[in-house]
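Please look over the sequence and the model below before reading on. The paragraphs after them are meant for someone meeting this structure for the first time.

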Amino acid sequence: MRILAIETSCDETAAAVVADGRQVESNVVSSQIDIHRATGGVVPEVAARLQLETIIPVIEQALEEAGAEWSGIDAIAVTAGPGLIGSLIVGVETAKSLALAKGKPLIPVNHLAGHLYACLAHEDPFRFPYLGLVVSGGHTELVLMPDHHQFELIGSTRDDAAGEAFDKVGKLLDLPYPGGPEISRLGAKGDRTAIAFPRPMLDQDNYDFSYSGLKTDVRREVAAKRLTAKRKADIAASFESAAVDVLVAKTTRAALEYAPSAVLLGGGVAANQLLRGRLQEALDQAGVRLLVTPPELATDNAAMIGLAAYWQHDEALTGSSRLSVSADPSAALSSPAGEPA
Ligand code: KG4
Ligand code: ZN
């Protein structure tokens, strides 16, 4: 089964062709990073307008790179939420129009499910349950996955998402947008023990996270003394270490409690080497496998939506039910995508 997948939940315009939930035949991502760099972040109206201009060429390129004709496409999958409303609408309405015009079933997919399935591209056979950690610009969620497309939320952020904290600290340190990769690069050169930032909520008996206090501490540290290149690197290194430690400790604790067959690490922040390394070490000690998203599928892309969609293709919509799919900016992982939480 060959699925054409479309993803426009934030500032990317992406399309991919995925066969049988495993083979990524093409994966085209048109990024707007250069444009949003000028404004230091994503301006939603600008993102949606650019997506409207690029969505059709991106889909055509994904088909061409896969060597696929419309006749060889069995279904169309699209991210229905969560994400920016204007951006989601571009993808959802395009997918609906194409599904009707080309006579294809339509599969609405949850963006966070996509991040988790990106970790499972090479898992064969599946061994449920999994424990998933989704860390992105908009989410920090720890979920239990007892079966395909079943998710039980066991913890999430109380305020900022992990990626959001990286991006805000990047801004405080005058680094280009997005801050995550920049902090990592700079942090690798700094002293991780230079500043003893707190590990928020580490000792609390729950699986929730909080990043806004840590961000305030970084702001205070930045204002305290002159920001030399060395101090900048030390702040980045110490912040990264604190942010990562809490994710690793809580995820490992949950892995010991729920005994999953593996932990899945997905979302843009899964590209972070310190997080990957420390989580691998902790899970090795706990005797639990770690399945990390391949780097090319870590930040937003449509291949992950095609991978996730395959495992829910028996719920694909046909006929006029395809018209009922709508963008849902706050879609929860634990309820079916496209339906209210
Ligand atoms: O999943 P994603 O592409 O978009 C959302 O769904 O939000 O995640 C983007 C986030 C951004 O906050 C970005 O700074 C962060 O992922 N990110 C990183 C790294 N690469 C991307 N954060 C830390 N370290 C990285 N290497
Ligand atoms: Zn994402």
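What follows is a walk through several parts of the structure, from a pair of strands to a metal site and a loop.

The model is predicted, and a convenient place to enter it is strand E1, which is mostly covered, with 5 of its 6 residues buried. E1 pairs with strand E2 (residues 13-19) in the antiparallel sense over 6 bridges, and a hairpin of 5 residues joins E1 to E2. E1 is also joined to E4 by 4 bridges, and here the two strands run parallel. Leu4 can be followed in both directions, since this residue stands opposite Val17 in E2 and has Ile76 as its bridge partner in E4.

Strands E1 (2-7) and E4 (75-81) return when one turns to helix H3, for they are among the elements that cover its buried residues, together with helix H2 (44-66) and strand E5 (106-110). H3 itself takes in residues 85-102, and its 18 residues reach 25 Å from the first C-alpha to the last, close to the 26 Å expected at 1.5 Å a residue. The buried residues of H3 include Ser87, Leu88, Val90, Gly91 and Val92 in its earlier part, and Lys96, Leu98 and Ala99 further along. After H3 comes Gly103, whose phi is positive, near 70°.

Further along the chain lies helix H4 (residues 111-117), which holds both His111 and His115, 4 residues apart, or about one turn of the helix. His111 and His115 are both buried. Which protein atoms serve as donors of the zinc ion (ligand 2)? They are NE2 of His111, NE2 of His115 and an OD atom of Asp300, lying 2.0 to 2.1 Å from the zinc ion. Along the chain, the donors of this ion follow the spacing H-x3-H-x184-D.

The last stop is Asn301, which has its place in the loop between strand E10 (289-292) and helix H10 (303-310). Is Asn301 buried or exposed? Asn301 counts as buried because its relative accessibility is 0%, the cut-off for this being under 20%. The side chain of Asn301 reaches the backbone oxygen of Thr299 at 2.8 Å, and it also reaches the backbone nitrogen of Ala303 at 3.1 Å. If neighbours within four places in sequence are left aside, Asn301 is in contact with Glu7, Ala14, Asn27, Val29 and Glu296.

Notes. Residues numbered from 1 in each chain as written. Chains lettered and ligands numbered in written order. Predicted model: local features only at pLDDT ≥ 70, side-chain atom pairs only at ≥ 80, totals over all residues. Heavy atoms only, no water. Expected span 1.5 Å × (residues − 1). Buried < 20%, exposed > 50% of the residue type's maximum accessible area, 1.4 Å probe, protein only. Contact = heavy atoms within 4.5 Å. Donors = N, O, S within 2.8 Å, 3.2 Å for Na, K, Ca; no water. Pairing = 2+ DSSP bridges. Polar contact = N/O pair within 3.5 Å; in protein donor to acceptor, adjacent residues only side chain to side chain.
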